[in-house]
Amino acid sequence: MASITIQSITKTFGTVPVLHDIDLSIADGEFVVLVGPSGCGKSTLLRMIAGLEDITGGEIRIDGRRINEVAPKDRDIAMVFQSYALYPHMTVADNMSYSLKLRKTARERIAEAVGAAAGKLGLDPLLERRPKALSGGQRQRVAMGRAIVRHPKAFLFDEPLSNLDARLREQMRAEIKRLHKAIGATSVYVTHDQIEAMTLADRIVAMHGGIIQQVGNPLDLYDRPANLFVAGFIGSPAMNFVDGHCRSGAIETDDGSRIAVPGGIDLAEGQAVTVGIRPEHVRIVAGSGAGSYTARVDLVEPTGFGTIVHVRLLGQDLKIYTLERGAAEVGEPLHIALDGDRLHVFDRETTNRIG
Amino acid sequence: MTFYPAAAPPDGDRRTAKQKIAAYLEPWLYSAPVLILIVAIMLVPLALGISYAFRDIRLLNPFSGAFVGLKHFRELAGDGAFRGALVNTLWWTFSSVILQFLFGLILALLLNRPFRGRALAQALCFLPWAVPSFLSGLDWAWMFNPVVGPIPHWLYALGILSEPSNILSDPETAMWGPIVANVWWGIPFFAITMLAALQAIPKDLYEAAEIDGAGPIERFRSITVPFLAPTMAISILLRTVWIANFADLIIVMTNGGPADRTQIVASYIFTQAFRRLDFGYASAIALVLLVLLLAYSMLIVVLRQTMLTRH
Amino acid sequence: MTRKRIVLTVLHRLAILAYVAFALFPLFWLLKVSVTPTSLLYTEGIRLWPSRASLEHYAFVLTHSSFPTFFLNSTIVSASTAVIVTIVAALAGYAMSRFVFRGKYWIVGLLLLTQMFPLVMLIAPMFKMLSPLGLTNSLTGLVIVYVAFNVPFATFLMQSFFDGIPKDLEDAAMIDGATRFTAFRQIILPLTLPGIAATLGFVFTAAWSELLFALMLISGNQATTFPVGLLSFVSKFSVDFGQMMAAGVLALIPACLFFLLIQRYLVQGLTAGAVKG
């Protein structure tokens with residue numbers, strides 16, 4: 001097991017910069033998820049840790065040792081690929097033991113390690129099969145097995161679940177988490193799926209445009225997103241955003257409605273802000289009253305457990321997530337209230353969180 | 001008080017110069033054998049050949065080798081056989097390409113529709129491609145030979161020939177011999193490339209067109225043709241150059257005769273070099289052919305550009 | 001509607017049959033004449049099958065002619081060419097598929113250029129270059145020439161096969177502890193085996209068919225290849241049709257065997273060559 005230190009890392013492809021001055025420390029045994037939309041540089045960063053991409057500037061250390069110039073094979077890390085990258089001409093057992101064979105491990109030790117890993121992942125009956133004869137989920141397991149037989153210093157995961165269907169993805173997600181709890185290995189996991197990030201991570205690193213937007217534990221990112229990007233990226237259905245200006249102690253939206261400024265936030269008169277409200281924090285109330293708004297229901301999307309209600313309010317399409325069934329009918333008016341202490345306010349110029 | 005500058009970020013790459021050079025050279029090492037072969041065995045002779053065009057090089061004359069300037073080209077201007085060969089080259093190239101393409105396209109369309117035994121039919125139809133070109137030439141020469149071949153007798157029976165004679169020995173018809181052999185041998189090339197292009201057309205396009213009410217002809221016109229067009233264009237253009245250079249069939253079947261009526265420029269070069277051992281003159285003709293082919297390629301590129309800008 | 005459909009289906013099958021017949025008939029005729037005894041050749045004219053078939057021409061060609069030598073020469077030349085070209089092209093194709101490097105486009109341009117100019121142009125200078133080296137009239141000389149001619153096309157072909165193997169596999173192998181070369185040898189190469197076989201087949205067929213350079217560079221029976229041998233046989237003994245065609249059938253055998261081998265890869269081969277037959 002090992003710690004990973006990333007210091008002032010930059011990366012350019014030709015003249016195109018893809019990573020800007022990335023700093024990140026990953027503690028021994030920690031599970032860190034790099035999350036962001038495609039093209040944000042998360043996979044590139046992971047591949048730089050693996051040694052599959054050159055490092056343009058900065059330094060990566062594993063256990064304090066600079067590894068910029070170390071070949072991937074000598075970094076003692078394991079990686080699970082999105083495509084699984086199983087060797088098609090080898091059996092499952094050979095796939096799993098390949099790295100040990102390259103390290104000239106004794107045959108009995110190899111058999112032991114493969115057996116143990118296969119047992120953990122339920123691969124025992126498949127050991128003599130070729131990857132072609134496996135289902136998607138089984139291939140995924142073999143890819144995991146290939147990584148764990150080695151007891152490497154760190155595990156790298158490059159979107160390992162994106163080729164699975166939704167149900168299998170949920171199942172494997174739980175399995176990866178269980179495995180991490182059992183092995184406790186330092187892991188860096190790349191995904192574009194914020195649910196995977198939330199459920200798996202000890203710490204999430206949200207990335208956008210080659211820059212780290214926020215680092216923190218999952219609930220931190222959910223409760224106190226550092227900027228508009230993180231606010232919009234984490235959470236599903238996504239956060240509602242309403243643009244407005246500070247006018248005499250309240251936020252006046254572009255259609256003239258007013259929202260009370262939450263406590264503990266100082267705004268300058270006239271400051272352009274964006275107010276963020278999570279759909280689950282919009283309450284449906286019985287009648288109109290102080291601080292409530294009335295809107296016409298536009299669309300109702302039942303999801304089974306809850307319902308997503310779309311209303312026209314504050315000059316835009318506002319989503320409400322409610323657990324009450326039948327609370328809204330299309331075309332009917334709806335009274336709603338916003339929880340003042342659950343509003344997020346962002347400076348529109350810097351996009352950063354205020355307060 | 002002392003100010004320390006902020007720590008400079010560590011540099012990303014601290015490999016030694018030697019390591020960097022090794023990494024830089026790696027792909028060149030893999031490519032080196034190919035490059036050496038091509039330069040030594042294709043480019044050097046090419047350059048030499050160009051220089052021969054301006055020298056008097058005859059294999060049997062030990063005193064030859066002098067620089068003669070444009071003498072060969074002046075001779076060439078007055079060489080009736082060469083002018084005939086130019087005309088024959090056009091005739092040979094375009095009729096071969098057009099027929100190969102048409103029959104190849106039809107075969108591809110036929111094979112693109114599933115039926116029982118398709119794999120076998122496809123293999124059999126493509127088989128001529130595997131026949132060595134010299135053997136295709138010989139085989140067809142025999143087919144046209146009234147002594148052992150059936151074709152003259154068939155043509156006679158159909159009333160096309162007044163007697164079962166060899167069309168290869170009649171100056172008026174001789175060129176059709178190599179052209180037929182070439183078409184037979186070259187249909188698979190177009191059929192294979194067109195079939196691959198046909199199979200790359202997404203099936204749901206046809207379904208969508210059918211739902212929109214397009215008939216088979218309309219579907220062919222509005223889906224098949226536009227999808228095939230790039231493959232058609234590129235394979236016809238490249239094939240044209242290739243066939244213009246392709247002398248094997250002619251050398252095997254007619255050797256340019258009778259009366260030079262089947263002599264194309266490529267076979268004329270070979271005849272000058274191989275039979276008359278006049279390397280200088282052969283190289284001069286070759287240079288002219290090279291320039292003509294380059295001009296043709298340039299013309300195509302320019303045409304393509306103007307078409308692209310118009311769209 | 002159904003009636004129209006039946007008519008169309010019948011027309012389609014007939015058209016296919018016509019193509020198959022056109023493709024096979026010349027080869028069938030070759031075979032037919034090769035088994036027709038000389039005594040029947042002229043009397044039975046254009047009958048589709050002789051009243052009596054015999055292998056006498058084959059027996060003659062195999063025992064009383066130089067064709068076995070020619071056959072051996074051609075096999076040696078074609079096989080050596082195929083092996084050398086495939087190795088060299090595999091290396092270059094791998095570099096073109098896996099490395100991003102400046103100069104790659106120059107190499108591609110150079111390879112394409114060699115496919116555009118008339119090869120007959122090289123006949124004279126090639127003879128002048130090889131003759132002082134003692135490489136005319138030698139199989140080695142032919143192999144060198146054929147290797148150079150086939151390497152560009154084979155490089156594109158090998159590149160297309162390497163392109164078909166996911167880069168992730170090498171990355172995985174390198175993380176598993178392999179050097180780039182080990183990954184190439186243990187992971188990539190085994191997966192490229194079908195491609196390598198196809199390349200061998202394409203090059204072998206091309207070398208087996210080459211006539212003009214062999215005519216120019218070889219004079220004398222010891223180093224004569226099959227095409228040259230057959231052609232000179234034709235011009236010398238143009239009446240022994242049975243024997244010539246028996247020799248022709250023999251020349252066809254390896255070509256057909258390789259055709260079976262590479263049939264699956266025809267499309268890739270033709271598009272990689274683009275201009276090469």
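Start in chain A by selecting helix α2 (residues 92–102) together with helix α4 (residues 136–148): in this predicted model, the two helices pack at an angle of about 30 degrees, and their axes lie 7 Å apart. Angles under 35 degrees count as roughly parallel, so α2(A) runs roughly parallel to α4(A). Turn the view a little and you can follow α2(A) as it passes α4(A) in a right-handed crossing.

Now show side chains at this spot. From α2(A), the contact is made by Val92(A), Asn95(A) and Met96(A). Facing them from α4(A) are Val142(A), Gly145(A) and Arg146(A). Colour these residues by type and they divide into three nonpolar, two polar and one charged.

Stay with chain A for one more stop, and zoom to Ser236(A) and Pro237(A). A cis peptide bond joins this pair, with omega at about -5 degrees. To place Pro237(A) in its surroundings, display the loop between α8 (228–233) and β11 (240–247) of chain A, where this proline is found.

Next, bring in chain B and look at where chain B meets chain A. Seven residues of chain B are in contact with 10 residues of chain A. The area buried between chain B and chain A is about 610 Å², and carbon and sulfur atoms give 48% of that area. If you search for salt bridges across this interface, the count is zero.

While chain B is on screen, select Ala259(B). This residue has a positive phi of about 50 degrees although it is not a glycine. Look for Ala259(B) in the loop between α10 (248–253) and α11 (265–274) of chain B.

Then switch to chain C, and show it alone as a cartoon. You will see 13 helices and zero strands, so to speak an α run from the N terminus on. The C-alpha trace of chain C spans about 75 × 75 × 35 Å along its principal axes.

For the last stop, display chain C and chain B together. Their contact takes 88 residues from chain C and 85 residues from chain B. The area buried between these two chains is about 8000 Å², of which 84% comes from carbon and sulfur atoms. How many salt bridges are there between chain C and chain B? The count is one. To find it, select Arg180(C) and Glu26(B): these residues form a salt bridge, with their closest N and O atoms 4.0 Å apart.

Definitions and conventions:
Residues are numbered from 1 along each chain as its sequence is written. Chains are lettered from A and ligands numbered from 1 in the order in which they are written. This is a predicted model: local features need pLDDT of at least 70, side-chain atom pairs count only at pLDDT 80 or more; totals for chains, interfaces and linings use all residues. Side-chain values use heavy atoms; hydrogens and water are left out. Axes are lines fitted to C-alpha atoms, for helices over the stretch in contact, and angles run from 0 to 180 degrees between N-to-C directions. Helices (H or I, at least four residues) and strands (E, at least two) are DSSP runs, numbered from the N terminus. Angles under 35 degrees count as roughly parallel, over 145 as roughly antiparallel, 65 to 115 as roughly perpendicular and the rest as oblique. A crossing is left-handed if the near helix is turned anticlockwise from the far one by less than a right angle, and right-handed if clockwise. Contact means heavy atoms within 4.5 Å. Ala, Val, Leu, Ile, Met, Phe, Trp, Tyr, Cys and Pro count as nonpolar, Asp, Glu, Lys and Arg as charged, and the others, Gly among them, as polar. Buried area is the accessible area (1.4 Å probe) that two parts lose on being put together, summed over both. A salt bridge is a side-chain nitrogen of Lys or Arg within 4 Å of a carboxyl oxygen of Asp or Glu.
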